[in-house]
Amino acid sequence: MNDMLLSLKNITKSFGKIVANDNISFEIEKGEIHTLLGENGAGKSTLMNIITGLYKPDSGDIYWKGKKVDIKSPMDALKLGIGMVHQHFMLVRNHTVFENLLLSVEDAPFLINNQKTIDKIKNIIDEFELDIPLDVPVWKLEIGKQQWIEIIKLLLRDCELFILDEPTAVLTPQESQRLFNFLKNLKKSGKSIIFISHKMKEVMDISDKVTVLKKGKVVRTLKKGEFDEKLLANLMIDRTEEISFERKPLTEKKIILSLKDLYVKNEKGLSDLDGLSLDIYKGEIFGIAGVAGNGQKALAEVLTGLKKVERGQILINGEDMTFSSARGKYIAGIAHIPEDRKTMGIAPDMSVKENLVLKNYKDEKFRKGFF
């Protein structure tokens, strides 16, 4: 038990009649990357929320370094040395990077410009070559850099166990590889990582062990060398047939979106889009690739009316919609699923029904007179 960092024994958690975690036992050793694998609804996030004190289990025990513990809150977890980077980041978007990091420091100095704290933050940023400005509001940063801020917060607290929930969902392949290199260095320093992912290639690359969850239960725990992509997929979804997709040629050559010599500037007055032209046809899936910060976000925002065009044209079904509002572009047929769904895509405190009609509130079906 000397090398055992965290041990869960027979953890059960229900929400009404739904059993999210069913008698789960799970262990992670010091200096180990342990992947938790399972479909949506398998119980992964619930289990991690129990470890980090957001939920309390209905039954079962948690052991930290061989000692039974009662984790009643996220603060209890942090004091033990357990930290989590959630899918939806826990950042104050209008605060600067430094202010967000300062919020994570235990017994933070009264004076904001405390040099010891600043030096510690800069040393972490320099060590991992993160290129993150401290004086910029969080909302101005790409989503990938916001994730690094969450990781730095855990480093500042000297956490021993890092839990990362789908961390590569918001990253390019290059950014993902950088994260993997970072995690492997963390492992070498004796830290442990619980890695949650759906991507088999990543799981094969980074995992020392894999635990597969299905319908709230542990299916199997396997060590490196005991698993491959096919076995993990079968354990996870209990299906053996191959899934294949056939790309069919376009039946008609009708342009539905045309961008002509499009120029867009950012808040600093620099060009995000510099003379971009492209045509998208009816029935086409059009891929846009590039490292974060090369104009993808600006393109989405200008197409949905969230950002102004400096010059150029946006034609939707042949109609000039260059300077139309966000509502105008939505009515014209452009929908948007943003990278940060919780901040830009939904209103979390409103019901599903209310969210579904938010963009259609002026429709006659949802109106009565002026209301």
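## The sheet

In this predicted model, 4 strands come together as an open sheet with the order β2-β1-β4-β5, and their pairing is antiparallel. At the edges stand β2 (18-29) and β5 (67-69); each has a single partner strand, so one side of each is left without a neighbour in the sheet. From one strand to the next, the twist averages 25°.

Let's look at one pairing in more detail. Strand β1 (residues 4-15) runs antiparallel to β2, and 8 bridges join the two. To find your way along this pair, you can start from leucine 6, whose bridge partner in β2 is isoleucine 28.

## A helix on the sheet

Which strands does helix α1 touch? Helix α1 (residues 44-51) packs on the sheet and touches β1, β2 and β4 (59-64). The direction of α1 makes about 120° with that of β1.

## The α5 and α6 pair

Now for two helices that pack against each other. Helix α5 (residues 143-156) meets helix α6 (residues 173-188) at an angle of about 10°, and their axes lie 13 Å apart. Angles under 35 degrees count as roughly parallel, so α5 is roughly parallel to α6.

Which residues make this contact? On the α5 side they are Gln147, Trp148, Ile151 and Leu155; α6 brings Arg178, Leu179, Phe182 and Leu186. Sorted by class, the contact of α5 with α6 has 6 nonpolar residues, along with 1 polar and 1 charged.

How values were computed:
Residues are numbered from 1 along each chain as its sequence is written. This is a predicted model: local features need pLDDT of at least 70, side-chain atom pairs count only at pLDDT 80 or more; totals for chains, interfaces and linings use all residues. Side-chain values use heavy atoms; hydrogens and water are left out. Two strands pair if DSSP finds at least two bridges between them. Axes are lines fitted to C-alpha atoms, for helices over the stretch in contact, and angles run from 0 to 180 degrees between N-to-C directions. Contact means heavy atoms within 4.5 Å. Angles under 35 degrees count as roughly parallel, over 145 as roughly antiparallel, 65 to 115 as roughly perpendicular and the rest as oblique. Ala, Val, Leu, Ile, Met, Phe, Trp, Tyr, Cys and Pro count as nonpolar, Asp, Glu, Lys and Arg as charged, and the others, Gly among them, as polar.
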